[in-house]
Amino acid sequence: MNLRQIEVFRAVMTTGSTTNAAKLLHVSQPGVSRLIRHLEIQLGVPLFERRNARLIATPEAHTLQAEVDKVYRGVQHVQNVATHLRFGDHATLRVLSSANTALQLVPGATARLLQRFSHSKVFFESLPTREIVQTLVAEEADVAISSAPLDHPVLDVREIGRWTLQCVVPKGHALLAKKFDLATALRQRLVIYSPEAPQSRIIDAWLEKFGIARQVAVEVRSGYAACAMAASGAGVAFVDDLSARAHRSENLALIKIPDAPQFAIYSVTNVNRPPSQLGQTFLELVASELESIS
């Protein structure tokens, strides 16, 4: 049986006559009758008894109808899925992010996405840069938001905004008593990062510029951890503004650095797996959220 035969047979079973089936399908009644007769010949069993211009379904027809209804339920499910693809409903999105974009930027965009597509689901994970690359290349995630540049031939990396360094200190720190002086801040005991972090390279360049020996208090791996250490009085930290805004500690004071360096924030996808409609909407919301935060 082909799909057209299934459709006509089901229409006849549902309406009880070839005339009503033809009206339902917007075709001619003789065409429906011919197709039913051809189907009976093809199957080798009678599907209807013809009594006084009426069609009476045979037991074989009822058996066939039960299987046809299963097919129709499957087809309806496929049609529903196809409809939802356009609007993002019932779809899933696998999102990765850097530590600092995971604090406020990505959650904010995700919340707005789920307000728009209430039946969708987001799988979210914050990972180190190396693991973000590996996961995207393996096509185990749909999109990433990264505060560090990612380099791989199959990755589509696009700048969507910028983040800026700020100085953070505990409330009441001496640096707050007068106009901010970068050299004075660098002479404090510092909260530093691992050598590959962009903050480390900037801090090292500043120290070299002023000829200051670095005094290390604590080494951390994220801006949020640096904020926590600074708020507790462990040392002076230079952090990205995304982490500083997200920390929101009553014990932490933020100091803007004149002419502070800025770094790009990127959206990243796999060129072999372009983002779905849901993914594309998410990227647009991230850009909008970043503009709002800034």
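How much of the protein, out of its 294 residues, do buried residues make up? They come to 45% of the total. Keep in mind that this is a predicted model, as you go through the views below.

**View 1. The whole protein, stretched along its axes.** Let's start with everything in the frame: 11 helices and 11 strands. The radius of gyration is 32 Å, well over the 19 Å that the globule rule gives for 294 residues, so the protein is more spread out than a compact globule. You can see that in the spans of the C-alpha trace too, which run to about 105 × 40 × 25 Å along the principal axes. Take the contacts between residues at least 6 apart in sequence: 73% of them join residues at least 24 apart.

**View 2. The outside of the protein.** The accessible surface adds up to about 16,100 Å², and carbon and sulfur atoms account for 50% of it. As for charge, there are 31 positive and 27 negative side chains. The centres of those two sets sit 6 Å apart.

**View 3. Two nonpolar cores.** Nonpolar side chains tend to be buried together in soluble globular proteins. Here, the largest nonpolar core holds 43 residues, and Phe238 and Phe282 have the most contacts inside it. Helix H11, covering residues 277–293, gives the most to this core, with seven residues. There's also a second, separate core of 19 residues, and Val8, Val12, Val32 and Leu39 are among them.

**View 4. Ser97, tucked away in a strand.** Zoom in on strand E3, residues 92–97, and you'll find Ser97 there. Is Ser97 buried or exposed? It counts as buried, because its relative accessibility is 0%. Leaving out residues up to four places away in sequence, Ser97 touches Ala102, Val106, Phe124, Glu125, Ser126, Leu127, Ile132 and Ile145.

**View 5. Thr101, a buried loop residue.** Now move to the loop between E3 and helix H5 (105–116), where Thr101 sits. Thr101 counts as buried because it has 0% relative accessibility, with the cut-off for buried being under 20%. Which residues is Thr101 in contact with, once neighbours within four places in sequence are left aside? They are Val106, Pro107, Ile145, Ser147, Leu242 and Ile265. Thr101 and Ala144 are 43 residues apart in sequence, yet their C-alpha atoms are 9.9 Å apart in space.

**View 6. Arg221, out in the open.** Arg221 is found in the loop between strand E8 (216–220) and helix H9 (223–231). It's exposed, because its relative accessible area of 74% is over 50%. Look for Ile192 as well: Arg221 and Ile192 are 29 residues apart in sequence, while C-alpha to C-alpha they are 8.4 Å apart.

**View 7. Two residues with a positive phi.** Most residues other than glycine have a negative phi. His26 isn't a glycine, but its phi is positive, at about 60°. You'll spot His26 in the loop between helix H2 (18–25) and helix H3 (29–43). His26 is exposed, with a relative accessible area of 73%. Asp259 isn't a glycine either, and its phi is positive at about 55°. Where does Asp259 lie? Look in the loop between strand E10 (252–256) and strand E11 (262–270). Asp259 is exposed too, with a relative accessible area of 80%.

Methods. Residues numbered from 1 in each chain as written. Predicted model: local features only at pLDDT ≥ 70, side-chain atom pairs only at ≥ 80, totals over all residues. Heavy atoms only, no water. Helix = DSSP H or I, 4+ residues; strand = E, 2+ residues; numbered from the N terminus. Rg over C-alpha atoms; globule rule 2.2 N^0.38 Å. Buried < 20%, exposed > 50% of the residue type's maximum accessible area, 1.4 Å probe, protein only. Contact = heavy atoms within 4.5 Å. Areas by Shrake-Rupley, 256 points an atom, 1.4 Å probe, with all protein chains shown as cover. Lys, Arg positive; Asp, Glu negative; His and termini not counted. Charge placed at Lys NZ, Arg CZ, Asp CG, Glu CD. Core = buried A, V, L, I, M, F, W, Y, C linked by side-chain atoms within 4.5 Å.
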